[in-house]
Amino acid sequence: MNELAVQFEGVGKRYKHFSLENVDLELPTGSIMGFIGANGAGKSTTIRILMGLVHQDEGSVRVLGHSMPAEQAEAKLDIGFVSEDMRLYGAATLKWHMEFMRPIYPRWDQKYAEELARRFDLKPQQKIKGLSHGQRVKAALLLALARRPRLLVLDEPTTGLDPVARVEVLSELMAALADEERTILFSSHNTLDVEQISDQITFIDRGRIIDSDDKEAFLDRWRRLRLVLPPDVAVPRLPGVVEVGGSGRLPVLTTDRFEPAMVSVCNELGAAVQAVDTMTLEEIFVANVHSRREQLTA
Amino acid sequence: MHSDIVISQSDSRPMYLQIMEQVKQRVAVGEWAPGDEIPSIRQLAMALRVSVITIKRAYLELEREGVIVTQHGKGSIVAPNPELSPRLYDEEFSEHVEKVARLGELLGLTSEEIAWRTKEAAKRLNEGRVSEAGMAKEIV
């Protein structure tokens with residue numbers, strides 16, 4: 001059994017106005033990775049390469065032990081893929097789609113499909129073209145989940161969903177992980193969803209992976225320190241500071257390498273630490289993107 | 001599985017701390033008795049819709065504090081003599097006291113005034129409890 005469900009090594013792809021460069025990515029079997037990036041950051045390109053839909057110019061991609069894109073036919077039997085632009089046949093019903101998939105995928109689970117339809121409040125007899133956006137997303141997800149794939153790849157699964165549908169979708173993703181051999185990769189710009197259910201988090205910006213770590217480590221190492229400086233004291237030099245904000249006497253330092261010992265270091269240097277704030281994933285993402293972009297232009 | 005642990009998104013504390021606190025409360029009030037099997041990491045993750053790694057972290061810390069015991073490959077149980085030291089609350093309390101002191105300074109209060117107002121708050125809490133108990137008696 002391969003411990004990594006997905007492995008990218010030095011993957012690159014160049015287009016005229018965009019390039020994906022040197023992408024390394026590791027997703028352990030049995031976990032969920034949230035893949036976060038702004039629009040146009042390279043999330044969908046990365047996912048398409050993973051699926052073998054786009055061929056990389058360089059680097060190696062292994063998915064469920066298969067080399068991509070060469071062995072994509074074998075790999076795809078075990079991957080459930082849902083993306084925004086995925087087309088279901090408007091004139092056909094959900095039931096028709098279920099019956100279409102059944103003979104293609106050996107592990108198709110009809111009982112589970114029917115159960116999902118109930119939980120998602122979908123009527124199998126209804127035609128796809130009569131469904132709302134949220135219902136279409138849930139229908140596509142149902143079709144992917146009922147195949148019982150070992151890897152689920154979801155491109156923006158919660159975008160445009162109402163709060164109730166979002167909770168339903170997130171619940172089913174978690175339920176799918178009851179099987180420890182199953183792995184999920186989902187992209188999103190909703191950091192709240194990612195923060196809640198992901199084990200691994202990867203940030204991408206302008207075609208490069210800017211950070212990738214397990215979620216607890218991520219949330220642990222980012223902190224904002226609010227300091228009060230006496231008139232003659234300089235801002236202490238701390239490791240991992242990516243941003244200095246606030247005002248001259250009341251600086252606010254953002255670090256990605258926080259250690260509790262930093263507080264006593266500051267105090268010893270004469271800078272009183274007023275507060276150590278934890279940061280949400282959204283704040284971490286924005287701070288991370290800003291500091292990387294500044295480094296690039298500097 | 002039914003689970004009445006509630007994760008609050010407006011609570012600024014990390015999720016693993018919220019989970020730890022609620023597990024401890026369950027043990028403290030005896031809903032989860034010593035030796036009882038508790039939900040597996042994956043079960044709880046699914047029930048709460050929270051990542052496996054977060055629950056794992058909470059369980060690890062709970063084990064370190066002596067609240068639960070994890071048997072390799074068998075899941076976790078409440079420790080035979082669960083250690084419910086209020087360390088967690090103590091840390092939180094210290095944080096709040098620091099905040100009170102800082103806000104007091106901002107308002108120009110002396111340390112005596114800060115102490116007095118803290119005492120008054122504690123008194124009010126006690127009085128509230130007494131009157132609640134009184135009301136309960138009247139209803140009965």
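In this predicted model, Ala234(A) counts as exposed because it has 10 C-beta neighbours inside 10 Å, and a residue is called exposed when that number is 12 or fewer. Ala234(A) sits in the loop that runs between strand 11 (223–228) and strand 12 (241–246) of chain A. Although Ala234(A) and Leu269(A) are 35 residues apart along the chain, their C-alpha atoms are separated by 8.8 Å.

To place this loop in the wider picture, it helps to look at how the chain is divided. Chain A is split into domain 1, covering residues 4–214, and domain 2, covering residues 223–278, and the C-alpha centres of these two domains of chain A lie 41 Å apart.

We can now turn to the helices of chain A, beginning with a pair that pack against one another. Helix 5 of chain A and helix 6 of chain A meet at an angle of about 10°, and their axes are 11 Å apart. Since angles under 35 degrees count as roughly parallel, these two helices of chain A are therefore described as roughly parallel to each other. On the side of helix 5 of chain A, the residues that take part are Gly134(A), Lys138(A), Leu141(A) and Leu145(A), while helix 6 of chain A contributes Ala165(A), Val169(A), Glu172(A) and Ala176(A). Sorted by class, this contact of helix 5 with helix 6 of chain A is made of 5 nonpolar, 1 polar and 2 charged residues.

Helix 5 of chain A also has a part in the interior. The largest nonpolar core holds 95 residues, and those that touch the most other members are Leu50(A), Val63(A), Leu142(A), Val153(A), Ala45(B) and Ile55(B). Helix 5 of chain A, residues 133–145, supplies the largest share of this core, with 8 residues. If we follow Leu50(A) and leave aside residues up to four places away in sequence, we find that Leu50(A) touches Val6(A), Val61(A), Val63(A), Met68(A) and Val153(A). As a general tendency, nonpolar side chains in soluble globular proteins are buried together.

Helix 6 of chain A, in turn, leads us to the place where the two chains meet. The contact between them takes 18 residues from chain A and 14 residues from chain B. On the side of chain A that touches chain B, the elements giving two or more residues are helix 6 (163–176), helix 7 (191–197), helix 8 (215–221) and strand 14 (272–278) of chain A, and helix 6 of chain A gives the most, with 4 residues. By class, the residues on this side of chain A comprise 8 nonpolar, 6 polar and 4 charged.

Definitions and conventions. Residues are numbered from 1 along each chain as its sequence is written. Chains are lettered from A and ligands numbered from 1 in the order in which they are written. This is a predicted model: local features need pLDDT of at least 70, side-chain atom pairs count only at pLDDT 80 or more; totals for chains, interfaces and linings use all residues. A residue is buried if 20 or more other C-beta atoms lie within 10 Å of its own, exposed if 12 or fewer, and partly exposed in between; C-beta atoms are placed from the backbone. Two residues are in contact if their C-beta atoms, placed from the backbone, lie within 7 Å. Ala, Val, Leu, Ile, Met, Phe, Trp, Tyr, Cys and Pro count as nonpolar, Asp, Glu, Lys and Arg as charged, and the others, Gly among them, as polar. A nonpolar core is a set of buried Ala, Val, Leu, Ile, Met, Phe, Trp, Tyr and Cys residues joined through C-beta atoms within 7 Å. Axes are lines fitted to C-alpha atoms, for helices over the stretch in contact, and angles run from 0 to 180 degrees between N-to-C directions. Angles under 35 degrees count as roughly parallel, over 145 as roughly antiparallel, 65 to 115 as roughly perpendicular and the rest as oblique. Domain bounds come from an automatic or database domain assignment.
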